[in-house]
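Me: Could you teach me how to read the surroundings of a ligand in a protein model?

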Amino acid sequence: MHFPRPSLAEEMCEALQGSNLFNDAPNGLFLAAPRRTGKSTFLQADLKPELERRGIAVVYVDLWAAPQRDPGELIAEAIGAVLRTHLGPIAKAAKASGLESIGIAGALKIDTSKIGRPEGSTLTEALRALHLLAKSPVALIVDEAQHSLTSAAGEDAMTALKSARDQLNRPGQVNLMLIMSGSDRDKQLRLVNANAAPFYGSSIKHLPLLGDDFVTHLVGLIERQRPELAPVDQPQLAWAFQTLGQRPQFFIDALGQALSPFGDADTSAKGQRFEALVEVLARRRLDQDRQQMESDYLVLRPVEQAVVWRMLEQGPRFRPYDVEALRFYSEKTGGPVTRAMAQKAMEALRNRQPSLVWKSARGEYAIDDAAMHQWYQQRAAAGTWPPTGPQWGSDEE
Ligand SMILES: Nc1ncnc2c1ncn2[C@@H]1O[C@H](COP(=O)(O)OP(=O)(O)O)[C@@H](O)[C@H]1O
Ligand SMILES: [Mg+2]
């Protein structure tokens, strides 16, 4: 069940095509929203079809689909796949009429399996070929684009995309649209904020989250399917959706559970209305999320905890091994912490599954899941930081 967002998609297309004045989307559109709020769904199910309706050739690639692989290769493959769909009929036509006559000789020489490899064609050439073959602008959507910054190869790919954009676009004529999404604004900032960043100077927009119209839509469905429940208490459901961080999947799960005749025994036993059950389930999910983060934190060794604490406290200002950081680690662990010890802790944090720490190819560190920052801030504000519990070591040798 997909709740479509056509007007947001249309608005974005207008911006990308450069039809509204004073917007820099034609230089690249950078979108941020937390995990599981519907970014990939929107990009694939709303934005891509709308771009295609406008006659634009669309390439979509999610860098998290295969996080261990070279982002440059993933991007190249995605371009290659779309290129091939255009190459089929054209290749035949070209043979019949002569390559030069249709002006795509260069495009046809591209070996789609070698795009982006040293011996193959470059991303720019491939994108230019796609533009020529499709006879239309090209939109490249890179989902979870910040992941490209974790390897030198990924950084190179981003630089190559910027160069492709500069070569293909003219003032007033957008031939290559770049759309980059990410789950963490701070990490995405590294694509646009530093002088040496691939897209220096571009700005990041928040992708609007699903809101009241989504809740209204679901309320409509419920009232149609279960007329005996009408009128549904929409504000109460909207509150539950907020509590769930506007993550649609969890909300739909909670609704399903609350409406199910075999639902949750300890809540439905109280004979409450289903809206109240949804609220209970939402709170419970929130508690589970927090407990998960708490136990993830509590199982860490003391130096690792201190490093995570420092990262949470410092945010983008975090420096792992400067004098103040080492002093902080020593203070929190109650013993001297050397640079080597801190490095070892950092490696352990990166190697955990799932990884707690994100590292860029340039050696910048950040908390992997941005939701942890919220958790930290809430606890800090409530005076319940740091979490205490069974300390590490108590049940080990
Ligand atoms: N517009 C929508 N309507 C209904 N469900 C949605 C919608 N967008 C997302 N979802 C649900 O939420 C889940 C997470 O969405 P996803 O697009 O993967 O989020 P993100 O890419 O931000 O992590 C999806 O699996 C889907 O079940
Ligand atoms: Mg996604």
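Reply: Start with helix H2, which gives the most to the shell around ligand 1, with 3 residues; helices (H or I, at least four residues) and strands (E, at least two) are DSSP runs, numbered from the N terminus. This is a predicted model, in which local features need pLDDT of at least 70, side-chain atom pairs count only at pLDDT 80 or more, and totals for chains, interfaces and linings use all residues. Residues are numbered from 1 along each chain as its sequence is written, chains are lettered from A and ligands numbered from 1 in the order in which they are written, and side-chain values use heavy atoms, with hydrogens and water left out.

Me: Which residues come nearest to ligand 1?

Reply: A residue is near a molecule if one of its heavy atoms lies within 4 Å of it. Of the 14 residues around ligand 1, those that come nearest are Phe3, Arg36, Lys39, Ser40 and Thr41.

Me: What lies 2.7 Å from an oxygen atom of ligand 1?

Reply: A polar contact here is a pair of N or O atoms within 3.5 Å. In this case the partner is an N or O atom in the side chain of Lys39, while the side chain of Ser40 has such an atom 2.8 Å from an oxygen atom of the ligand.

Me: Where does ligand 1 lie with respect to the domains?

Reply: Domain bounds come from an automatic or database domain assignment. Ligand 1 lies between domain 1 (6-206) and domain 2 (212-293), because both give residues to the shell around it.

Technical notes. A polar contact is a pair of N or O atoms within 3.5 Å; within protein, one must be able to donate a hydrogen and the other to accept it, and residues adjacent in sequence count only if both atoms are side-chain atoms.
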